[in-house]
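Let's walk through this structure together, starting from one residue and working outwards. Have the sequence and the 3D view open as you read.

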Amino acid sequence: MTLLDAVIFLPLIAFLISLALPKDNPDLIRRFSLVASSAIFIVSLGLIGSYWFQNPGKFVIETNVPWIDSPAIRYHVAIDGISLWLVILTTLLTPICILVSWRSIDKHIKQFFAFMLLLEFGLVGVFCAIDFFLFFVFWEVSLVPMYFLIGVWGHERRIYSAVKFFLYTMVGSMLMLVAIIYLYNASGTFDYTRILAGLQNGSIALSSQEQLLLFLAFFIAFAIKVPLFPLHTWLPDAHVEAPTAGSVMLASVMLKMGTYGLLRYCVPMFPNAAKICSGWIVTLAIIGIVYGALVAMVQPNMKKLVAYSSVSHLGFVVLGIFTFTQQGFDGAVYQMLNHGISTGALFILVGFLYDRRHSLEIADYGGVATPAPRLSTVFMITMLASIGLPMLNNFIGEYLVLQGAAMVYFRWSVFAALGVILSACYMLWLYQRVFFGRASEDLTHHMPDLNFREYAIIVPLIALMLWMGTFTQSFIPSISASTALILGPIDAGRDVHVRNSPAPRALAGKELANAR
Amino acid sequence: MLASYVPVGVDYLRLLPEIIMVAAGTLIMVVEPILGENKRTAFSSISVVAFLAALAAAIHANSIPGTSFSNMLIVDGFATFFRVLVIAVGLLSVLAASQYLRREHAASAEYYALLLFSVTGQCIMAAANELIMIFIGLEISSIATYVLAGYLRDDKRNNEAALKYFLLGSFATAFLLYGIAFIYGTTGSTNLADIRNYMLTPGTESNVILASTAAALMFVGFAFKVSAAPFQIWAPDVYQGAPAPVTLFMSAGPKAAAFAVFLRVFMTAFLPIAARWEPFVWSSALLTMIIGNFAALTQSNIKRMLAYSSIAHAGYVMVAIAAHNQIGIAAAMFYLAAYALMNIGAFAVVTHFSRQGEKYVNIEDLAGLGWKQPVTAGLFAIFLLSLIGVPLTGGFFGKFYIFKAALDANLVWLAVLGLLNSAVAAYYYLRVLVVMYMEEPGPATVSIQPLSAGIRTTLWATALGTLILGIFPSVLLNFAQSSSALVK
């Protein structure tokens with residue numbers, strides 16, 4: 001029983017306890033889930049220490065015990081520098097989301113908080129699983145609570161969105177399942193580390209066509225989750241209709257399941273196929289960056305605007321991964337975390353506005369800065385972080401991705417940088433329409449400033465934005481150590497798409513961070 | 001050698017489950033007039049005891065494996081697996097039915113007696129080692145089930161279901177019998193091992209055409225019984241028309257037993273000509289999945305929806321047969337067990353919810369059940385998620401294992417199309433979840449009564465079973481794997 005096992009199973013235990021709580025005492029349920037999820041967060045912080053003391057870069061805090069004898073399926077979990085931060089992101093956002101839902105969820109309270117804990121169990125598991133079967137189990141398990149969160153507690157078109165969300169993911173998952181079984185039949189194991197080693201040293205022989213098809217099967221499953229243009233159509237629906245906590249978990253953590261899968265499984269296992277496909281994948285990612293930003297600009301609905309901005313931001317992550325450079329990988333991972341913090345915060349702030357005014361239409365606002373100056377200030381900081389202002393977190397990630405892209409093919413970074421400019425346009429315009437101008441009488445009455453609970457929610461996130469934007473070295477070295485291990489074997493044949501590479505390519509993110 | 005035709009003690013011991021159930025069924029028929037009107041609850045107790053005793057006898061028989069009655073029956077792991085399964089299905093059907101029968105004022109002895117006889121037939125099918133025994137078992141099981149389908153004899157839908165089932169069923173049985181005759185004519189034997197040996201003997205190649213014709217005819221018979229396309233037409237009407245607890249039984253027990261003989265015949269006697277039948281089973285499997293899943297999408301009646309879903313699930317098991325390898329057999333066995341549990345659970349909820357005269361059998365009627373009866377709805381949700389194939393449920397692991405078998409046999413396209421089919425299937429199961437949890441309670445949910453003890457036991461037992469098979473599949477899987485090497 002390691003610390004990691006505790007972080008994985010405590011949410012499940014908390015979920016089971018919360019099911020047993022009496023349903024007519026909502027305060028007890030709220031407090032229990034807040035205390036439980038905060039405790040899990042504190043326990044999960046212990047992972048950072050254990051990670052650094054043991055062999056950074058590689059998989060650590062490993063548990064590997066048999067689960068099902070035949071076919072040989074093992075409960076094999078571990079973390080490395082990539083999953084470490086995603087796990088902590090999940091455990092951090094769960095108590096925050098529970099606080100967000102404190103008053104805004106007023107029906108079926110017990111089930112809501114129980115589902116939040118079950119969701120945490122699934123999400124933490126996805127990032128820790130090393131066994132493919134286990135990974136698939138967690139992948140699907142996280143789907144069920146999110147389906148209910150959207151479908152039961154969402155807005156008007158919640159049912160349509162929940163079903164669409166479930167079916168999209170399900171189709172991708174089924175392709176992934178075929179690929180997982182196919183890999184098992186070729187290798188005799190579900191263990192990712194063994195499969196990877198076998199693929200790299202050639203003991204698992206797959207023809208290049210097989211590799212390509214397997215790559216595509218995994219890729220489609222992950223690309224739906226990311227979501228990569230043109231598979232993104234479920235996302236605006238799901239985000240807009242979900243309750244605030246659901247949107248936050250969906251955007252901040254669930255989308256990362258896709259990009260995490262790309263980086264962890266797709267690229268290292270099938271580097272040749274990934275390189276063959278990288279041309280059109282990067283094209284789609286860049287289309288996603290620009291398209292997402294353009295569509296975000298014309299949205300009349302705040303949540304939809306933030307949702308499309310996610311499509312744009314996640315395009316950067318995919319772009320970073322498919323540059324196959326150290327900077328690109330580091331930037332992609334960092335951008336996953338950044339997006340989790342800043343877009344999560346944006347959804348929370350939009351939720352605050354919704355709690356006050358019960359509308360998501362931008363047209364219903366205007367002049368909010370006058371009655372609620374503090375809310376406007378935190379919104380401003382979050383928005384600037386999302387745009388990518390230096391000193392705030394997104395800048396670092398986007399910069400690294402753009403640099404990685406520029407090293408491979410300069411034009412990529414030109415088009416991708418267009419997305420950064422556009423993000424400034426839609427965000428600033430949103431801010432102007434919502435917060436500036438004259439506040440109507442009606443709005444002033446319904447717009448109290450932040451209360452204590454809301455401070456408790458948003459201040460940690462703002463602090464993280466500043467921290468991640470200035471003290472990058474608290475995060476990047478651990479990420480680099482792991483991405484370098486992924487990149488190492490791929491790097492050998494890197495000349496396929498490399499043109500115009502001015503900088504020495506082995507410049508590790510660690511040095512970069514130090515140089516800054 | 002004459003002595004071997006006289007049955008010895010151990011022969012009877014191997015047949016003990018069937019003997020117990022026939023005796024109990026007969027006893028129930030005999031004592032009904034003696035007991036009179038007010039002692040009707042005794043019948044369900046007698047049947048429960050009989051099923052439990054048969055269960056113990058079936059498990060005990062596994063410790064004395066071998067053939068009995070001059071090679072007519074065989075007790076091996078495979079037979080034990082299916083005997084235990086169908087007896088358990090019978091037991092759960094009794095538990096789920098008693099309140100329903102009281103509600104419909106039909107709690108007479110025949111129901112229990114017929115159920116016992118039907119399960120007896122299925123046990124014989126599971127243990128049959130030659131074609132005549134298979135036929136006898138199939139007939140015992142089917143005739144009892146025809147009557148059960150029309151059990152509420154004043155109900156029009158029941159009558160229609162029974163008649164349709166009977167006419168089409170007898171037609172299909174005729175095909176089966178014709179196939180058996182062909183085989184006997186060709187090979188001179190009805191024993192499965194002898195048939196296989198004959199086909200493996202050099203110099204019999206010219207008879208392969210005849211043997212394949214026989215296999216095709218028998219395929220028609222079996223495909224009808226398991227409701228595989230293109231012989232699935234009867235299933236929706238019969239499942240919808242029959243009383244809910246009978247549908248519960250029909251969709252699990254007879255289907256499992258029919259698959260047992262299907263597997264045994266095709267994986268022993270007809271294995272030498274597998275290359276000839278594989279394409280047919282392949283296409284039938286795909287067609288079954290597609291028809292079942294796409295037809296279920298548009299159903300508004302929950303019994304009919306589950307009927308189509310049961311067709312689709314038969315398609316998944318057909319995939320395992322198409323793989324015709326040992327993993328395929330184990331996968332089919334595991335899946336049928338998981339399927340029986342989740343389907344019985346789902347139909348038990350329908351039985352509970354439908355109320356007198358099966359008034360509430362539309363999906364829309366379930367609106368808001370999740371908040372009116374959280375436990376019932378929660379358990380129903382487990383069954384539905386298992387039917388979708390969400391991990392940590394038996395349905396997922398079964399499906400996973402079946403498609404693993406298919407990929408082992410290089411049926412990549414069948415696996416891909418089958419799994420995409422199950423994504424389609426997710427839609428109609430989700431619709432039930434949507435109605436239960438995301439819509440406001442309607443009149444049917446508001447007037448809901450508490451669960452009866454029998455149905456509660458059924459629901460908890462099947463839900464626990466579904467979860468155990470999903471989380472610790474090894475408990476059953478190891479047994480299925482060790483008994484999937486059929487005696488050849």
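A good place to start is A:H108, which is partly exposed: 19 other C-beta atoms lie within 10 Å of its own, and a residue needs 20 or more to count as buried. In chain A, the place of A:H108 is in the loop between α3 (81–104) and α4 (109–128). Its backbone deserves a look as well, since phi of A:H108 is near 45°, a positive value in a residue other than glycine. Keep in mind throughout that this is a predicted model.

Why pause over a sign? Most residues other than glycine have a negative phi, and most peptide bonds are trans. Another residue with a positive phi is A:I61, where the angle is near 50° and the residue is again not a glycine. This one sits in a strand, namely β1 (residues 60–68) of chain A. Is A:I61 buried or exposed? It has 20 C-beta neighbours inside 10 Å, so A:I61 counts as buried.

The peptide bonds hold some points of interest too. In chain A, a cis peptide bond joins A:V226 and A:P227, with omega about -10°. You will find A:P227 in the loop between α9 (208–225) and α10 (234–241) of chain A. Now turn to chain B, where the bond from B:A229 to B:P230 is cis and omega is near 0°. B:P230 is placed in the loop between α9 (208–225) and α10 (234–241) of chain B.

With those local details in hand, step back to look at each chain as a whole. Chain A has 21 helices and 2 strands. Its radius of gyration is 22 Å, close to the 24 Å that the globule rule gives for 516 residues, so chain A is as compact as a globular protein of that length. Along the principal axes, the C-alpha atoms of chain A fill a box of roughly 70 × 55 × 40 Å. Buried residues make up 60% of the 516 residues in this chain. If you take the contacts in chain A between residues at least 6 apart in sequence, 81% of them join residues at least 24 apart.

Chain B can be read in the same order. There are 21 helices and 2 strands in chain B. The globule rule gives 23 Å for its 488 residues, and the radius of gyration of chain B is close to that at 21 Å, so this chain is as compact as a globular protein of that length. The box that its C-alpha atoms fill is roughly 70 × 60 × 40 Å along the principal axes. Of the 488 residues in chain B, 61% are buried. Residues 24 or more positions apart account for 81% of the contacts in chain B with a separation of 6 or more.

One helix of chain B rewards a slower look: α11 (residues 244–269). Does its length match what its residue count suggests, and what span should you expect? At 1.5 Å a residue, its 26 residues should span 38 Å, and the end C-alpha atoms are 37 Å apart, which agrees. There is a kink of about 30° at B:M250 in α11(B), shortly before the proline B:P254. Of the 26 residues in α11(B), 25 are buried, so the helix is largely enclosed by the rest of the structure.

B:A252, in helix α11 of chain B, lets you see that enclosure from the inside. B:A252 is buried, with 28 other C-beta atoms within 10 Å. Leaving aside neighbours within four places in sequence, B:A252 is in contact with B:V89, B:A340, B:N343 and B:I344. By C-alpha positions, B:A252 and B:I291 are 19 Å apart in space and 39 residues apart in sequence.

Finally, consider where the chains meet. The contact takes 26 residues from chain B and 26 residues from chain A. On the side of chain B that touches chain A, the elements giving two or more residues are α17 (394–408), α18 (412–438) and α21 (474–482) of chain B. α18(B) gives the most, with 12 residues. The residues on that side of chain B divide into 20 nonpolar, 4 polar and 2 charged.

As for confidence, the mean pLDDT of chain B is 88, and 98% of its residues reach 70 or more. The model scores ipTM 0.86 and pTM 0.89.

Terms used: Residues numbered from 1 in each chain as written. Chains lettered and ligands numbered in written order. Predicted model: local features only at pLDDT ≥ 70, side-chain atom pairs only at ≥ 80, totals over all residues. Helix = DSSP H or I, 4+ residues; strand = E, 2+ residues; numbered from the N terminus. Rg over C-alpha atoms; globule rule 2.2 N^0.38 Å. Buried ≥ 20, exposed ≤ 12 C-beta atoms within 10 Å, placed from the backbone. Contact = placed C-beta atoms within 7 Å. Expected span 1.5 Å × (residues − 1). Bend = angle between axes of the 7 residues up to and from the residue. Nonpolar A, V, L, I, M, F, W, Y, C, P; charged D, E, K, R; others polar. pLDDT = per-residue confidence, 0-100.
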